[in-house]
Amino acid sequence: MKISVIGAGSWGTALAVLLSEKGFDVKLWSRREELAREIESKKENMQYLPGIKIPNNLIVDSSLKNVLSGSDIIITAVPSEFLRGTLGEIRPFFRNQTVVSVTKGIEHSTGKRMTEVIEDVLGKNVKVTALSGPNHAEEVAKKMPTASVLAGKNPKIGKFVSETLSTPAFKVYYLNDVAGVETCGALKNITAIATGVCDGFGFGDNARASIITLGLMEMNNFGRHFGVKRGTVYGLAGVGDLIATCVSMNIL
């Protein structure tokens, strides 16, 4: 199977490494040619994922045409504000591959979720899924135990992608609540910022726990108006990601 990972940041690189080590034919796209050359030559993404060896079978390239050629799955791992523009560049080479969005966030100008942006650019019939959960890139790359959720409208495609991404250390569960998984992935950042402010003022564990708990309640109340399932909010994409983000010392 051929997999194209679009975006050579920490998360894109971690997933490219994981899938290469599973034996798939993986190509990683970097917008910056100098970064692609550096990763290829040093076999390490020193800027975004230092300390993780890049497998010899992982190809890094700055040409979208080369990276997308013959691919079966496209993983989009670019920041939310750049996703629409990057998809526009992908479109001439798009051949109805399955698309996996691993970007968390809401498009500022439209209020749309990432899979909705993908459908806008690549077409309403695109086979698109969304990966989310408590997934710190450096821990996944180091093969530390991690669980995630993969949401998609088509159960057959969703389960196939979940199995493709899963390893003994990285377990991916399928859900059919796309809106819920993506909404939770965006909303938890608001509470995480508030938690960071709390820590900055030195308010302690009581205040942090209160903010996390109240933030979770707000996520549930907000999500209910958009059809988000309660189980999603209280699952890996919701409370799991919320806890990981709010208590981590690795979030910059």
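**Exercise 1. In this predicted model, find what covers the buried residues of helix 11.**

Solution. Begin with the residues themselves: in helix 11, those that are buried are Ala-237, Gly-238, Gly-240, Asp-241, Leu-242, Ala-244, Thr-245 and Cys-246. Next, look at the surroundings of these residues, where the cover includes strand 8, strand 9 (146–152), helix 8, helix 9 and helix 10 (230–233).

**Exercise 2. Determine how helix 9 and helix 11 are oriented towards each other, and which residues meet.**

Solution. Take the geometry as the starting point: helix 9 (residues 205–224) and helix 11 (residues 236–247) have axes 11 Å apart and pack at an angle of about 150°. Angles over 145 degrees count as roughly antiparallel, and the two helices are therefore roughly antiparallel to each other. The handedness is a separate point, and the crossing of helix 9 and helix 11 is right-handed. Finally, list the contacts: helix 9 contributes Arg-208, Ile-212, Leu-216 and Met-219, which meet Gly-238, Val-239, Leu-242, Cys-246 and Val-247 of helix 11.

**Exercise 3. Carry out the analysis for helix 8 and helix 9.**

Solution. The axes of helix 8 (residues 178–200) and helix 9 cross at roughly 155° and come within 9 Å, which makes helix 8 roughly antiparallel to helix 9. The crossing in which helix 8 passes helix 9 is right-handed. On the helix 8 side, the residues that meet helix 9 include Thr-183, Leu-187, Thr-191, Ala-194 and Cys-198, while on the helix 9 side the contacting residues include Ala-207, Ile-211, Gly-215 and Phe-222. Arg-208, Ile-212 and Met-219 of helix 9 take part in the contacts with helix 8, and these residues also appear in the contacts with helix 11.

**Exercise 4. Write down the strand order of the open sheet and identify its edge strands.**

Solution. The sheet has eight strands in the order 5-2-1-6-7-8-9-10, and its pairing is mixed. Strand 5 (59–61) and strand 10 (170–175) are the edge strands, since each of them pairs on one side only. Between neighbouring strands of this sheet the average turn is 25°, with direction ignored.

**Exercise 5. Place strand 6 among its neighbours and decide whether its two faces are covered.**

Solution. First consider strand 1 (residues 2–6), which runs parallel to strand 6 and is joined to it by four bridges; within this pair, Ser-4 has Ile-74 as its bridge partner. Then turn to strand 7 (residues 98–101), which pairs with strand 6 in the parallel sense, again over four bridges, with Ile-75 opposite Val-100. The connection can be described as well, as strand 6, helix 4 (residues 80–90) and strand 7 make a right-handed β-α-β unit. For the faces, recall that side chains in a regular strand alternate between the two faces of the sheet. In strand 6 (residues 73–76), Ile-73 and Ile-75 lie on one side and Ile-74 and Thr-76 on the other, and as all of these are buried, both faces are covered.

**Exercise 6. Follow the sheet from strand 7 to strand 8, and then classify Glu-119 as buried or exposed.**

Solution. Strand 7 pairs with strand 8 (residues 128–132) over three bridges in the parallel sense, and Val-99 stands opposite Val-128 of strand 8. Val-128 is also one of the residues that Glu-119 touches, together with Lys-124, Val-126 and Lys-153, when residues up to four places away in sequence are not counted. Glu-119 itself belongs to helix 5 (residues 114–122). Buried means under 20% relative accessible area, so Glu-119, at 10% relative accessibility, counts as buried.

Methods. Residues numbered from 1 in each chain as written. Predicted model: local features only at pLDDT ≥ 70, side-chain atom pairs only at ≥ 80, totals over all residues. Heavy atoms only, no water. Buried < 20%, exposed > 50% of the residue type's maximum accessible area, 1.4 Å probe, protein only. Pairing = 2+ DSSP bridges. Right-handed = clockwise from strand over helix to strand, strands pointing away. Axes fitted to C-alpha atoms, helices over the stretch in contact; angles between N-to-C directions. Parallel < 35°, antiparallel > 145°, perpendicular 65-115°, else oblique. Left-handed = near helix turned anticlockwise from the far one by under 90°. Contact = heavy atoms within 4.5 Å.
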